[in-house]
Amino acid sequence: MKKKISILLLLLLLISKLFSQDFGEQQIISENANGARCVFSIDLDGDGDNDIISASWEDNKVVWYKNEENVFSEEQIITTNVNGILFIYSIDLDGDEDNDIISVSRLDNKIAWYENDGDGNFSSEIIINYNVESPRSVYAIDLDNDGDNDILSASMLDNKVAWYENDGQGNFSSQKIITTNVNSPYFVTSVDLDNDNDNDVIFSSYGNSKTSYFLNDGNGNFSNETVITESSSSEMKSIFLTDLDQDGDKDLLWASTFDSRISWFENDGDANFGTAQLISMTGLDKAKFIYSNDFDKDGDNDIVVVFRDNGDKIAWYENFGNTNFGNMQIITENVNFPYYVFAKDIDNDGDEDLLSASSSDNKIAWYENNINPKNIIIENINSAGVGMEIDIPISVTGVLYENDNYFSYRFKFHYDSEKLEYISSNLNNTISPEGSIEITNENENELDIYCYYSGVLTGQGDLMKIRFKIIEEGTSDLEITDFFFNDVIEPENIINTSLSAIYADLGDVNADNEITNSDAEHILKRSINIGDLVWNEWRDSIANLDGDTIISANDAANILRKIAISDYEFPVENGEIIIDDTSSIEVETIDNEIIFKSKGNLFALNVFLIENTTNAILNEINVTASMPLVSKNNDVNNFSFGVASPMFIAEGVEIARVSYEGVEFDGNLKFKIIANNHVFERNFDISDVTISVDSINSEMIETIVGMEIEIPIFTTNIIENNDFKSYSFKLNYDDSKLEYKGGSIENTISEEGIIEINDNIQNELSIQYTKIYNLTGEGELLKLNFFIKEEGISELNISDFLFNNLVEPKNIINNQIKSVECDYGDVNADGIIDDEDAKYALEYSLGLDPLSDEDPIPWDEWRQIVADVDNLENITANDASYILKKAMGFINEFPIENNENNNETAGVIIQKEIDKNEATFISTGNLIAFNLHLIKNTADGSTIDAPEILVNVNEALTKFNPDNNNYAIGIAATMPFPEGTELAKIVFHNPNNSYGTLRFRILANDNVSEELLLVSEEDAIEDINNLNKILIFPNPANEILNIKNLKNNSDIYIVDLLGKIIVHKNNHFFNDFKIDISNLEKGVYFIKINKKKDILLRKKILIF
């Protein structure tokens, strides 16, 4: 059977009119800017368009020009009080959302700003700084991340780069010098060079032709200078920072006048710049100023350069991407001594126009950007077969903007009616979907088309589509004439095309008039997106032999059958026997390999990797079966293979295998599979997901009889792409030793789902979990509670674990519960309560457990319960003391229901002399157990030596932790220490003489308090005086008690432990006060200081 197929043979470009892709003619804004040096554009009056500001040297003038639909007002003077004005900048300085103006004048050494009221009315000058000699440029940006715009300046005669901090209201700090180590800085600017979200400072210098930068720490503190480039031969003046290579960081543009070079330096994103890369050698043309913007709206930044000395001009260089730049394209030569250019959208058409300031002709001018032409194109028709209907798109290139105000278009479309039959037109998927089309076909070979739109046409792309039926082979020219927007506006260009047609048999994809293995090979390659033929609609139509919608290995197999069977006809109706419901493929994974095997009546197979959410690297496809046709695509972005045979492939034959490499696979490999013409997907989880009882690395779970424990079921990381929405498993346990008490998903990664736990079967829990959204994260999946009924070992085993009822985790780690009969106080569970148990409890109270060389016991929850004999929910020296008492027979039962130690008076005080770096801890009251923990050290660089234990080790159990990050002391006895017993001494070192404190948490029996120890007391006294805090020293004391920083008329009381007032004094107007205590009995007292009804201080003191 023959089918007439048309293919593209010829593309004709018919240009109806030509426009230079350049800037428009110079449009003068002013010729009254005497000695024009700088120009800037921004909206000054809040009307939505960009106005113009200029600065002119000879008349000492800053003025602005109001933009009214591209027509500019006469100059409006802002100031004439700027002697030698060189530079202007505009930005919001006072936080009122309008744009103020900054001026730099060289001869009066002045940087000033002018406040805008929002309507373009400006205040008189507000001086920022006079402390600059010959300032050259400024830049405004937020340098200290406080949300307002600070100011940078470069001044030439004092060799200074500095900044001025803005308080947000336009009030600026005194000058903050960044550097004076530079020879005549010329330009200064600021961008984020190292991608740390703060603005760094970059400058160029005139004297030593250097460009350098200073990195900002985010708070306006700057690093040392880093030089990017320096040259003794280049009188470099101009720099610009922009992203030239589209990698997201700011590169450096650099213009030198002496050797006529325009270069750029690549930034690696961390402020490391490469060597100079030449853009242009300009010969006699001296580059004086450089600027960059995306003028042609193609996504990369182009360059504009100001030239002087060899004929003044302004030119641009197009960036073609990958930093390949075009040749110089002149914008204008109608400038005399040009100084400055600036880019802004002046005419509100969505592209950046250009402004210039030239000095000798006193001119401020602008140039409309015409680089983005609006062309009308008849899209190339890649294919059209005789008898086929095709859509021919009519497109516009170049963006239509809202301000263009295009609401209609009309044109004539010419075609060959002997070869094409007009069917219809449509606006589907075009930029004018809401328009209405009127088409008349009165003249043969011509359509008269008119489309009008209810709104405004915007964007670029297809305007409409015209549908034709191909009725005869041969060439047909397609041509547009008389195209107008809004009946009056012509496009810049019209690009037409033409078609031709040829014959080709079904299956003859290489169009050589015979069907061979070569055609089958082309089709098989096409099925996996490789090959050397141009594949388009007509070729797909003659390759699709089985009547489905895709080109696959099944079509190649049909070619092979056609070659083998002479009367085999195309197209294959219903695929004949190659379509078979039994055809399929089996896939399995073994040892990091995916293996594909035949199943059913398989002739042809395509396999495509369509998703890889893992970090696995797939190796080259290995087709292991001997097949007539094989094609492989090992591109990681199009990983696929195809095989085809004219005969059935035997059941279970291994066709191919793919191995993968990597570590910690997290996620899935998803394949699309076409077996003959059956299409399906298979998803393979190769994640390193591990499910475990308790935790991944846990050993046996230890507990005691009579305790209820919580057992978490734990998972390693599950990622979003795993697409896990459910899991199910069975947990087997020994119900003679364990009683199931319930389960929970609260505070787990399964929390937002639904859990069902069935315990109807003896020794087994059946668990089913579902969730609407994907399960992600790592940690606990759920928690199961068991009551320990009997001592012994109970196995906890997970079986039949599946995610999504399909995917198994890579590993399952089961566990055991070991339960023992154990009494309170028997910490090491050896059946005896002795001083070893007390030692373990004391060590645990100091954070020493577990230490494999000193205490190998793991402190599970059950052991903490056993050791907490005072029933206060934490383990301290007090517990160790009780265990000692129990071991000696002083206590009969645990836990202690009522605390037997007399805690009311138990305490510890710290004794420290002012001139010594040591402190002694002294007992008060009925102290029997003592814990000390260092909880904070605020003295920079200070350290504490290991403590000296002062109590008799034969009378008490002692232990310490010398680690300064967890410094602790523990002492436990069976009898109270005598009042005033020295327990321990510490020596601390303060090499930096830092002021600060050591904050200790002290447990005296079960009384908890915090105490401060001054590390540098003389400094502390001075600091405390400054803070007006009361200081009492020494403590302990025996003759004189000193009190400092008292308020006038404060009452001072010394009270004994029974509340009796022993001493009462009033300091009257003395802020420092002394009390003679030499006649008081030794012991513990309280000192209380009141002022009227206010209690200023209450503190425990020791008199000895």
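**Notebook: helix α6, a three-stranded sheet and selected loop residues**

I began with the packing of helix α6, whose buried residues pack against α4 (835–845), α5 (861–867), β66 (929–937), β69 (956–961) and β70 (968–973). I note at the outset that the model is predicted.

**Entry 1. Helix α6**

I next looked up how many residues of α6 are buried. The helix spans residues 877–887, and nine of its eleven residues are buried, so α6 is largely enclosed by the rest of the structure. I listed the buried ones as Ala 877, Asn 878, Asp 879, Ala 880, Ser 881, Tyr 882, Ile 883, Leu 884 and Lys 885. Charged residues appear in this list, including Asp 879 and Lys 885.

I then examined the two ends. At the start of α6, the backbone nitrogen of Asn 878 has a side-chain oxygen of Thr 876 within 3.1 Å. Just after the helix, I found Gly 889 with a positive phi of about 85 degrees.

**Entry 2. Lys 771**

I located Lys 771 in the loop that connects β59 (764–770) with β60 (777–788). Which side chain of opposite charge is nearest to Lys 771? I found Glu 752, at 4.3 Å. A salt bridge is counted within 4 Å, so this pair does not qualify. Lys 771 is thus recorded as buried yet without a salt bridge.

I also checked what the side chain of Lys 771 does reach, and found the backbone oxygen of Asn 774 at 3.3 Å. Setting aside neighbours within four places in sequence, I recorded contacts of Lys 771 with Lys 725, Ile 749, Glu 752 and Gly 753. Glu 752 therefore enters my notes twice, as a contact of Lys 771 and as its nearest side chain of opposite charge, where the 4 Å salt-bridge limit is not met.

**Entry 3. The sheet β74-β75-β78**

I traced an open sheet of three strands in the order β74-β75-β78, with antiparallel pairing. Which strands stand at the edges? They are β74 (1031–1033) and β78 (1073–1076); each has a single partner strand, so one side of each is left without a neighbour in the sheet. From one strand to the next, the twist averages 20 degrees.

I looked at one pairing in detail. Strand β75 (residues 1040–1044) is joined to β78 by four bridges, and the two run antiparallel. Within this pairing, I noted that Ile 1040 has Asp 1076 of β78 as its bridge partner.

**Entry 4. Cis peptide bonds between β74 and β75**

I found a cis peptide bond between Phe 1033 and Pro 1034, with omega about -10 degrees. A further cis bond joins Asn 1035 and Pro 1036, with omega about 10 degrees. I placed Pro 1034 in the loop between β74 and β75, and Pro 1036 is in that loop as well. I recorded these bonds because most peptide bonds are trans.

**Entry 5. Two asparagines with positive phi**

Most residues other than glycine have a negative phi, so I looked up exceptions. Asn 195 has a positive phi near 55 degrees and lies in the loop between β17 (185–191) and β18 (200–205). Asn 1005 has a positive phi of about 55 degrees, and I placed Asn 1005 in the loop between β72 (997–1004) and β73 (1007–1014).

Are these residues buried or exposed? Asn 195 counts as partly exposed because its relative accessibility is 43%. Asn 1005 has a relative accessibility of 1% and therefore counts as buried.

Note on methods: Residues are numbered from 1 along each chain as its sequence is written. This is a predicted model: local features need pLDDT of at least 70, side-chain atom pairs count only at pLDDT 80 or more; totals for chains, interfaces and linings use all residues. Side-chain values use heavy atoms; hydrogens and water are left out. Buried means under 20% relative accessible area, exposed over 50%, partly exposed in between (1.4 Å probe, protein chains only). A polar contact is a pair of N or O atoms within 3.5 Å; within protein, one must be able to donate a hydrogen and the other to accept it, and residues adjacent in sequence count only if both atoms are side-chain atoms. Contact means heavy atoms within 4.5 Å. Two strands pair if DSSP finds at least two bridges between them. Axes are lines fitted to C-alpha atoms, for helices over the stretch in contact, and angles run from 0 to 180 degrees between N-to-C directions.
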